[in-house]
Amino acid sequence: MAQQEWTRIFQIKAHDLKQEDSWRLDFDEDIVPNFPDSGWQQYIRNTSARFKCSNCRREWPSNRVMVVFHMHLTYGQGVVKVRAFRQNCKMCSNAPMEKPSIISENIDILMENLVKKIRIKCYHEDLGEGHKPFVSLEVKSPHEPAHCEACIAGFCTRN
């Protein structure tokens, strides 16, 4: 996950938020879906990404990559913690969990949706519930719950 790119795009999108407030993006592998800290708000989206096994170099696409955001605004300081859930290779035994590689266009869409959610949840603006859909990849096999970190932990949003 190219954190600099996420941060850069977030800063561009967050520029439209209340000018006297400053917002930052923190990457946090320990945040737990549905359990934001007291006073924090949550936003969860799926997106598409590619994965590459560090053992066998096999690559695969997924349209079920769960991204969790926990956000908090206090005294003009806004923080968004973000965690993108990982997947591992179904061909390798003991394959490590791999971080998703998300295209810039989908990072942009995630950040646009996130900033809208910040405006709703932190600034109490009435913007409706819609969100911009992500650009999906061509995926030839079904989602594999046994190889999805979010599914294994019981958080995956798949139906």
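Is Ile-118 buried or exposed? In this predicted model, Ile-118 is buried, with a relative accessible area of 0%. Because a residue counts as buried when its relative accessible area is under 20%, the value of 0% places Ile-118 in that class. The residue belongs to helix α2. Leaving aside residues up to four places away in sequence, Ile-118 touches Phe-10, Leu-17, Trp-23, Met-71, Val-80 and Tyr-123. Glu-105 lies 13 residues from Ile-118 along the chain, and the C-alpha atoms of these two residues are separated by 20 Å.

The surroundings of this residue include a sheet. Four strands make up this open sheet, in the order β1-β4-β3-β2, and their pairing is mixed. Strands β1 (22-27) and β2 (41-52) stand at the edges with a single partner strand each, so one side of each strand has no neighbour in the sheet. On average, neighbouring strands are turned by 25° against each other, direction ignored.

Helix α1 (residues 3-14) packs on the sheet, where it touches β1, β3 and β4. The direction of helix α1 makes about 155° with that of β1. Helix α2 spans residues 104-121 and lies across β1, β2, β3 and β4. With respect to β2, helix α2 runs at about 175°.

The pairings can be followed across the sheet. β1 and β4 pair in the parallel sense, over 6 bridges. Trp-23, one of the residues touched by Ile-118, stands opposite Gly-78 in β4. On β4, 7 of the 8 residues are buried, and the strand is thus described as mostly covered.

Strands β3 (residues 59-74) and β4 (residues 77-84) run antiparallel and are joined by 8 bridges. Val-68 stands opposite Arg-83 in β4, and the bridge partner of Thr-74 in β4 is Gln-77. The hairpin of β3 and β4 has 2 residues between the strands, and in this hairpin Tyr-75 takes a positive phi near 50°.

β2 and β3 also run antiparallel, and 11 bridges join them. In this pairing, Tyr-43 has Phe-69 in β3 as its bridge partner. The hairpin of β2 and β3 has 6 residues between the strands. Arg-57 is placed in the loop between β2 and β3, and its phi is near 70°, a positive value in a residue other than glycine.

A positive phi is also found in the loop between β1 and β2, where Asn-34 is placed. The phi of Asn-34 is near 70°, and Asn-34 is not a glycine. How exposed is Asn-34? With a relative accessible area of 49%, Asn-34 is partly exposed. Because the partly exposed class lies between 20% and 50%, the value of 49% puts Asn-34 in that class.

Open and enclosed spaces were also examined. The largest pocket has a volume of about 250 Å³. Its lining consists of 17 residues, of which Trp-60, Pro-61, Ser-141, Pro-142 and Glu-144 lie nearest the centre of the pocket. By class, 5 of the lining residues are nonpolar, 7 are polar and 5 are charged.

How many cavities of 30 Å³ or more does the structure hold? The structure holds 2 such cavities. The largest cavity contains about 40 Å³ of space. Residues lining the largest cavity include Arg-45, Asn-46 and Thr-47, as well as Lys-132 and Phe-134. β2 and α2 each supply at least two residues of this lining, and the largest share, 4 residues, comes from α2. The lining of the largest cavity has 3 nonpolar, 4 polar and 2 charged residues.

About 30 Å³ of space lies in the second largest cavity. Its lining is formed by Phe-51, Arg-64, Val-65, Met-66, Phe-85, Arg-86, Gln-87, Cys-148 and Ala-150. β3 gives the most to this lining, with 3 residues. By class, the second largest cavity is lined by 6 nonpolar, 1 polar and 2 charged residues.

Terms used
Residues numbered from 1 in each chain as written. Predicted model: local features only at pLDDT ≥ 70, side-chain atom pairs only at ≥ 80, totals over all residues. Heavy atoms only, no water. Pairing = 2+ DSSP bridges. Axes fitted to C-alpha atoms, helices over the stretch in contact; angles between N-to-C directions. Contact = heavy atoms within 4.5 Å. 1 Å grid on protein atoms, 1.4 Å probe; cavity = no way out; pocket = protein on both sides within 12 Å on 5 of 7 lines; lining within 4 Å. Points joined across faces, edges and corners; volume = space filled by probe spheres on them. Nonpolar A, V, L, I, M, F, W, Y, C, P; charged D, E, K, R; others polar. Buried < 20%, exposed > 50% of the residue type's maximum accessible area, 1.4 Å probe, protein only.
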